[in-house]
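User: I'd like a friendly tour of this model. Could we settle the vocabulary of burial before we look at any residues?

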Amino acid sequence: MTIFDRHLLRRYLHVFLVLLVSTFGLFVVIDSSTNIDGFQEGKVGAADMISRMAEYYLYRSSQFFDMVGPILSVIAVMVVFAMLHKNSELHPLMAAGVPTYRLVVPLLIGTAMVTTVLMVNRELVIPRIADHLRAPRNDEKAQTVEVQPIYDYASKIWIGGAELIRGTNRLKQAEFVLPPGIADDLTPVKAPLAIYQQQTANRPAGWELHDVQPPLVDLQLSEAGEKVVLAMPNKNHLFIVTDVSFHQLSNRGQSFSYASTMDLIRRVQNPSYGNSSVRSLALHVHSRLMQPLMGFILVFVAIPLIVRKESRSLVSNIALCTCVMGVMFGVTQLGMYLGKVSFISPSLAAGAPLIVSGTLAAWLSDAAQT
């Protein structure tokens, strides 16, 4: 890399960090002022309230970075080229025979660095702090969450309960309804406590029910049911094999956003999920895989619009570029919507914005100053 390349890279990273910190600060100010009552519940003092807010927004910073990072990486490229145009730094370079697109190299490196951090954040950090991201602002309310009953499409078992204890994989007042085929008749099985156990080398994934009623000896299980409802050393406990996990019993519409890509792929392949859930998961997986490439392509869309041949007005160039980026965002949202309503396939829904932006970047390539 040349000295000027390193200069552009430092400028890009500086602009990106300034944008990230300023937007997150604005988010904190607006959100905290709007929801200040949530932090004050329980008659806490000022110090406790500030500590609660600091912890809450510390975890939210990871989620906020994942949400706005791709957008800010493109905006940072726009700002860097706008500064080059405003300060007349492009003309000496072009007079020396340096093509405009040669200046994209350090910005692509910067975009790759940001994308790498985004991927690490999404795949490693967010899944580890998912329980904190699901928690409300009040610590007392953060301990439990309401259960959303779910149907296991593989075993046909209905799973419900009173409430989930956050961060413990525990379900209080659990109720599992065994269908015909597992039992001789529709059979409800209840327990004051159920604990979800991950799959191990010696045991499949499922729920361990404590002090179950009726006990296992009173259940009329079929041959298939004996493979799903298992005995345990404690006669008052039993184990129900299912891939329906703790997190699927609450806030299912957003739970996939807290999972890693490999976990999402395993969920797509899981027969316990219904067709609508599998489609939403597949759409989210395709969107994740396409997002890094989309960020690189949008860089090539933005640059010709900022340094257009036909215009010498920087304000109009930035306005036009902003409008085009808004249209591309609308195309992305339209594709996601059409994928959710099953109008097009998940792969096409995630890939269509990529095709449109790539075509637009190629069409605009001759519009840049050279």
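Analyst: Gladly: a residue is buried when its relative accessible area is under 20%, exposed when it is over 50%, and partly exposed in between, using a 1.4 Å probe and protein chains only. The model is predicted, so local features need pLDDT of at least 70 and side-chain atom pairs count only at pLDDT 80 or more, while totals for chains, interfaces and linings use all residues. Residues are numbered from 1 along each chain as its sequence is written, and side-chain values use heavy atoms, with hydrogens and water left out. As a starting example, Asp5 has 4% relative accessibility and therefore counts as buried.

User: Which residue meets the side chain of Asp5 in a salt bridge?

Analyst: A salt bridge here is a side-chain nitrogen of Lys or Arg within 4 Å of a carboxyl oxygen of Asp or Glu, and the whole structure has 4 of them. For Asp5, the N to O distance is 2.7 Å. The pair links distant parts of the chain, from helix H1 to the loop between helix H4 (90-95) and H5, 97 residues apart. The partner of Asp5, partly exposed at 32% relative accessibility, is Arg102.

User: How many residues apart in sequence are the parts tied together by Arg122 and Asp66?

Analyst: Their side chains meet in a salt bridge at 3.0 Å, N to O. Arg122 belongs to helix H5 and Asp66 to helix H3, so the bridge ties together parts of the chain whose separation is 56 residues. (Helices, H or I with at least four residues, and strands, E with at least two, are DSSP runs numbered from the N terminus.) Both partners are buried, and their separation in sequence is 56 residues.

User: How far apart are the closest N and O atoms of Glu163 and Lys172?

Analyst: Glu163 is partly exposed at 26% relative accessibility, and Lys172 is partly exposed at 32%. These two form a salt bridge, and their closest N and O atoms are separated by 3.4 Å.

User: Which residues lie closest to the centre of the largest pocket?

Analyst: On a 1 Å grid over the protein atoms alone, a pocket is an open set of points with protein on both sides within 12 Å along at least five of seven lines, a cavity is a set where a 1.4 Å probe fits but cannot get out, and lining residues have an atom within 4 Å of a point. The volume of the largest pocket is about 1400 Å³, counted as the space filled by probe spheres set on points joined across faces, edges and corners. Of its 42 lining residues, the closest to the centre are Met67, Ser287, Gln291, Phe329 and Gln333.

User: How many residues of that pocket's lining are charged?

Analyst: H3 (46-86), H5 (104-128), H10 (275-306), H11 (314-340) and H12 (346-364) each supply at least two lining residues. Ala, Val, Leu, Ile, Met, Phe, Trp, Tyr, Cys and Pro count as nonpolar, Asp, Glu, Lys and Arg as charged, and the others, Gly among them, as polar. The lining holds 25 nonpolar and 12 polar residues, and its charged residues number 5.

User: Which helix gives the most to the lining of the largest cavity?

Analyst: The structure has 2 cavities of 30 Å³ or more, and the largest has a volume of about 100 Å³. Its lining includes Pro70, Thr115, Gln291 and Arg122, and H3, H5 and H10 each supply at least two residues. With 5 residues, the helix that gives the most is H5.

User: What is the volume of the second largest cavity?

Analyst: Asp131, Arg134, Val145, Arg166, Phe246, His247 and Ser250 line this cavity. By class, they are 2 nonpolar, 2 polar and 3 charged. The volume is about 30 Å³.

User: Which residue is joined to Gln213 by a cis peptide bond?

Analyst: Most residues other than glycine have a negative phi, and most peptide bonds are trans. The cis bond after Gln213 has an omega of about -5°, and its other residue is in the loop between strand E7 (206-210) and helix H7 (225-228). That residue is Pro214.

User: What is the phi of Lys156?

Analyst: Lys156 sits in the loop between strand E2 (150-151) and strand E3 (158-160). At 41% relative accessibility, this residue counts as partly exposed. Although Lys156 is not a glycine, its phi is positive, at about 70°.

User: How far apart in space are Ala302 and Met78, C-alpha to C-alpha?

Analyst: Ala302 is in helix H10 and counts as buried, at 0% relative accessibility. Ala302 and Met78 are 224 residues apart in sequence, yet their C-alpha to C-alpha distance is 6.3 Å.
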